[in-house]
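This report is a guided reading for someone who is meeting the structure below for the first time. Please keep the sequence and the 3D view at hand while reading.

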Amino acid sequence: RCLCSRLPANGRSADLRHPAVAEQDPPHQHDRPELVAMLKDIIGEVLGTQAQKIIVALDEVTVEIAPEHWLAACIALRDHPKARFDTLIDLCGVDYSTHAVTPRESGKYAAVAHLLSVTLNQRLRVRCFAADDAFPVVHSLVDVWASANWFEREAFDLIGIVFEGHP
């Protein structure tokens, strides 16, 4: 019995599976360490001295920015032709005082933005530690990415980070 010409009614038939096609798929972008190294170099070139640290861990790139450079660095990451991180995927507040891997005594509150460059098909994590633990303040990114509005409200409500200039 056939539903369509030359196709068996049993959808689990070996005739419908093509394992050779799956073997031809290219590896995921993060399975290629040279792309991660290239992204690290691009970020270093775009941000220059604004980047305090550029870290590669688990095939992901994280850049740490000082609070006074937070806004300018994010604008550069969005507008520079080599970066083009035009999409803010997520922004959250993190309390590193009890972080299992890197507990911190000072500079323990951070705003962390996850960015996507559709053009380059790359992702980037941008972290900014607030200068004052008693009253953590970083500049708002709403003027850079409008989607930051809701995320900044959540970071304030859950962690207490104040975003200066937030509407």
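In this predicted model, the largest nonpolar core is made up of 36 residues, and those with the most contacts inside that core are Leu 47, Trp 70 and Leu 77. The elements that each give two or more residues to this core are the helices H2 (33–47), H3 (70–79) and H4 (148–158), together with the strands E4 (60–65), E5 (87–95), E6 (109–117) and E7 (122–129). H2 provides the largest share of the core, which is six residues. A second core, separate from that one, has five residues, and Val 94, Ala 110, Val 112 and Phe 129 are among them.

The setting for these cores is a protein with four helices and nine strands, whose elements follow the order β-β-α-α-β-β-α-β-β-β-β-α-β from the N terminus on. Of the 167 residues in the protein, 34% are buried. When the contacts with a sequence separation of 6 or more are considered, 55% of them are between residues 24 or more positions apart.

**The packing of H2 and H3**

Two packed helices are described by the angle between their axes and by the distance between those axes. For H2 and H3, the angle is about 120° and the axes are 10 Å apart, and this angle makes H2 oblique to H3. The crossing of the two helices, H2 and H3, is right-handed. On the H2 side the residues that meet the partner helix are Ile 43, Val 46 and Leu 47, while on the H3 side they are Ala 73, Ala 76 and Leu 77. Sorted by class, the contact of H2 with H3 has six nonpolar residues, no polar residues and no charged residues.

Leu 47 illustrates how this helix contact continues into other elements: leaving out residues up to four places away in sequence, Leu 47 touches Ala 73, Ala 76 and Leu 77, and also Val 63 and Ile 65.

**Two leucines of the interior**

Leu 77 is found in helix H3 and counts as buried because its relative accessible area is 0%. Apart from neighbours within four places in sequence, Leu 77 is in contact with Ile 43, Val 46 and Leu 47, with Ala 83, Arg 84 and Phe 85, and with Leu 115, Leu 124 and Val 126.

Leu 115, one of these contacts of Leu 77, has its place in strand E6, and Leu 115 is buried, with a relative accessible area of 1%. Not counting residues up to four places away in sequence, Leu 115 touches Leu 77, Phe 85, Thr 87, Leu 88, Ile 89, Gln 122, Arg 123, Leu 124, Val 126 and Trp 145.

**Residues apart in sequence**

The table lists separations along the chain beside the distances between C-alpha atoms for four pairs of residues.

| Pair | Separation along the chain | C-alpha distance |
|---|---|---|
| Leu 115 and Arg 125 | ten residues | 6.3 Å |
| Leu 77 and Val 126 | 49 residues | 9.8 Å |
| Asp 132 and Tyr 109 | 23 residues | 8.5 Å |
| Val 137 and Ala 110 | 27 residues | 9.3 Å |

Two residues in the table, Asp 132 and Val 137, deserve a few words of their own. Asp 132 is found in the loop between E7 and strand E8 (137–139), and with a relative accessible area of 40% Asp 132 is partly exposed. Val 137 lies in strand E8 and also counts as partly exposed, at 25% relative accessibility. Among residues more than four places away in sequence, Val 137 touches Ala 130, Val 162 and Glu 164.

**Two loop residues with a positive phi**

Most residues other than glycine have a negative phi. Which phi does Arg 84 have, although it is not a glycine? The phi of Arg 84 is positive, at about 55°, and Arg 84 has its place in the loop between H3 and E5. Arg 84 counts as partly exposed, at 37% relative accessibility, and is one of the residues in contact with the buried Leu 77.

Asn 121, which is not a glycine, has a positive phi of about 55° as well. Asn 121 lies in the loop between E6 and E7, and at 47% relative accessibility Asn 121 counts as partly exposed, because that class ends where exposed begins, over 50%.

Conventions
Residues are numbered from 1 along each chain as its sequence is written. This is a predicted model: local features need pLDDT of at least 70, side-chain atom pairs count only at pLDDT 80 or more; totals for chains, interfaces and linings use all residues. Side-chain values use heavy atoms; hydrogens and water are left out. A nonpolar core is a set of buried Ala, Val, Leu, Ile, Met, Phe, Trp, Tyr and Cys residues joined through side-chain atoms within 4.5 Å. Buried means under 20% relative accessible area, exposed over 50%, partly exposed in between (1.4 Å probe, protein chains only). Contact means heavy atoms within 4.5 Å. Axes are lines fitted to C-alpha atoms, for helices over the stretch in contact, and angles run from 0 to 180 degrees between N-to-C directions. Angles under 35 degrees count as roughly parallel, over 145 as roughly antiparallel, 65 to 115 as roughly perpendicular and the rest as oblique. A crossing is left-handed if the near helix is turned anticlockwise from the far one by less than a right angle, and right-handed if clockwise. Ala, Val, Leu, Ile, Met, Phe, Trp, Tyr, Cys and Pro count as nonpolar, Asp, Glu, Lys and Arg as charged, and the others, Gly among them, as polar.
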